[in-house]
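Welcome! Take a moment to turn the model around on your screen, and then let us walk through it together, starting from the inside.

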Amino acid sequence: MKLHKTLLTTSAILLSASLSHAVEKADSLSALADKAPANTSLNFRAGRALYEAGHNRKALPYLNRGGNDANPWIALIELEDYNFEAAAARAEKYLASKHDATAPEHSLAEEIIDRAGIGRTMLDRVEKVIVIDSLTVDKESFFRAYSISPTTGTIASPTALPGNMKAARPTTVYVSENGERMLWGQYDKNGNSRIVETNHLADGSWEAPEPIGDDLCLGANANFPFLLSDGMTLYYASDGEGSLGGYDIYVTRNDGDRYLNPQNIGMPYNSPMDDYLLAIDDATGIGWWATDRNLIPGKLTIYMFIPQELRDNYPVDGTPDLIQRARISSIAKTHRQGEDYSKYFEAVRNIMKNASSDTTDGNLMFALPDGRVINRISDLTQPEAAELMREYLSAYDEFTDRKIRLLSLRQKYREGNTSLTDEILSEEAELEQMQTSLRNLANEVISAETGM
């Protein structure tokens, strides 16, 4: 099962250069297939290439002309559209036909049948989640969009790890409020990601990373951990047995001795694609999770939601748009009539403002690859690095101000001012460019200080 789950999420993990190559290959094959609509093999290859380049809708006409081998790929698209019955039927049709049982399509069809069954079960328990906003962000640094309170902890990149501690790629690092505990994904001897932990010792050193529980991997990968403020409840992602997509979000709790059997939290959090890094900020009452269900190349969608103490599911028979609610096709439809959510946006704005003030000299935390953490500009040893850091901090403050402005625009849009659409899109594009500039500036600081 793991082999094909890796294959099915290929389009979600390609780097930009590889994605560009995949798009070029797909365009070339589809152009040839357009000239030969009766060529089954060519149309199959064109449809598969288009799918792997992230163009599912464009892939369908070619796959429909691609013969029997294309059936599992059509079933896969049906699965991603939440058409679980149709996906299973198409996969079963392929398995019942005469085909090469050693071909990858055979295993793919078997997996689709399993996943369709999981999907049908999940549709029976779709939680009524109030989603207050969504953000489309770069996949490479998506976690930076999570505006959570310092009392909740910190979500960081692997560069925050002390010393030469290794990390899976990709992963995120959860750092506790006091900075004394870190959890992240690290490869095991078999090349699978597992969640490990390190603690800060009294002598100032860090203990060697230790796995927190091999059972969390569910036979494959465990990654993207987030620990609630109770110190016991862990949310994380796994693509092992029982997951609907590649990565699904799971929850487990520590009983004081070990982490208990993890539970898949179901829909709408999980989808036929990758879903991960669910974080809940107890101070603001806002939750966050990331997903690539919207299939935007190089991007992820982050949903902000209001966690509920008790799970309340939509009635299966009394919800005609159940699939749309499972997909979160409309954020507005998740809201309760007449309820005001402005206090949540104000809480996020305050966190952003505080984060901006915390980057001033004496309060910043800038991790270097050599293990040092820069807390003030004077900690830098190279004059060029110090000057670049001043430029970085100034750009970061401006970036934060623009994020706050975008949040205000989004709230006004949610309240009914749809004339702000163009302004919001323009602001999002500007922020994307500013984020790229910030990454480049950070790399320049590192290069000037360390020579790396």
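What you are looking at is a predicted model. A good place to begin is its largest nonpolar core, which has 58 residues. Within this core, Phe-142, Tyr-146, Leu-234, Leu-278, Trp-288 and Ile-302 touch the most other members. Strand E13 supplies the largest share of this core, namely six residues. Apart from it lies another core, made of 41 residues, including Ala-22, Ala-53, Ala-59 and Tyr-82. In soluble globular proteins, nonpolar side chains tend to be buried together.

Let us zoom in on one of those core residues. Leaving aside neighbours within four places in sequence, Leu-234 is in contact with Leu-183, Ile-195, Ile-212, Leu-216, Pro-225, Phe-226, Leu-227, Tyr-250, Val-251, Thr-252 and Tyr-259.

Some of these partners lead us to a sheet. It is an open sheet of four strands in the order E7-E8-E9-E10, and the pairing is antiparallel. Strand E7 (222-227) and strand E10 (263-264) are the edge strands, each pairing on one side only. Strand E9, residues 248-253, runs antiparallel to E10 and is joined to it by two bridges. Look for Tyr-250, whose bridge partner in E10 is Asn-264.

Now follow the chain to strand E12, which covers residues 286-291. Is this strand enclosed or open to the outside? Six of its six residues are buried, so E12 is largely enclosed by the rest of the structure. Ile-286, Trp-288 and Ala-290 point one way, while Gly-287, Trp-289 and Thr-291 point the other way, and all are buried.

E12 has paired strands to meet as well. Strand E11 (residues 275-281) runs antiparallel to E12, with five bridges between them, and Ile-280 stands opposite Gly-287. E11 and E12 form a hairpin with four residues between them, and in the turn Gly-285 has a positive phi of about 75°. E12 is also joined by five bridges to strand E13 (residues 299-306), again in an antiparallel arrangement. Here Trp-288 stands opposite Met-304.

Helices come next. Helix H12 runs over residues 421-450. How far apart should its ends be? At 1.5 Å a residue, its 30 residues should span 44 Å, and the end C-alpha atoms are indeed 44 Å apart, so the two values agree. Its buried residues include Ile-424, Glu-427, Leu-431, Met-434, Leu-438, Leu-441, Ala-442 and Val-445. An α-helix has 3.6 residues a turn, so residues three or four places apart point the same way. Just after H12, Gly-451 takes a positive phi of about 80°.

For a contrast, visit helix H3 (residues 16-35), where you will find Glu-24. Glu-24 counts as exposed because its relative accessibility is 52%, and the cut-off for exposed is over 50%. Glu-24 and Leu-50 are 26 residues apart in sequence, with their C-alpha atoms 9.6 Å apart in space.

Finally, step back to see the whole chain. The secondary structure comes to 12 helices and 15 strands. With 452 residues, a compact globule would have a radius of gyration near 22 Å, and the chain has 23 Å, which agrees. The C-alpha trace spans about 70 × 55 × 55 Å along its principal axes. Buried residues make up 50% of the chain. Among contacts with a separation of 6 or more, 55% come from residues 24 or more positions apart.

Terms used. Residues numbered from 1 in each chain as written. Heavy atoms only, no water. Expected span 1.5 Å × (residues − 1). Buried < 20%, exposed > 50% of the residue type's maximum accessible area, 1.4 Å probe, protein only. Pairing = 2+ DSSP bridges. Rg over C-alpha atoms; globule rule 2.2 N^0.38 Å. Contact = heavy atoms within 4.5 Å. Core = buried A, V, L, I, M, F, W, Y, C linked by side-chain atoms within 4.5 Å.
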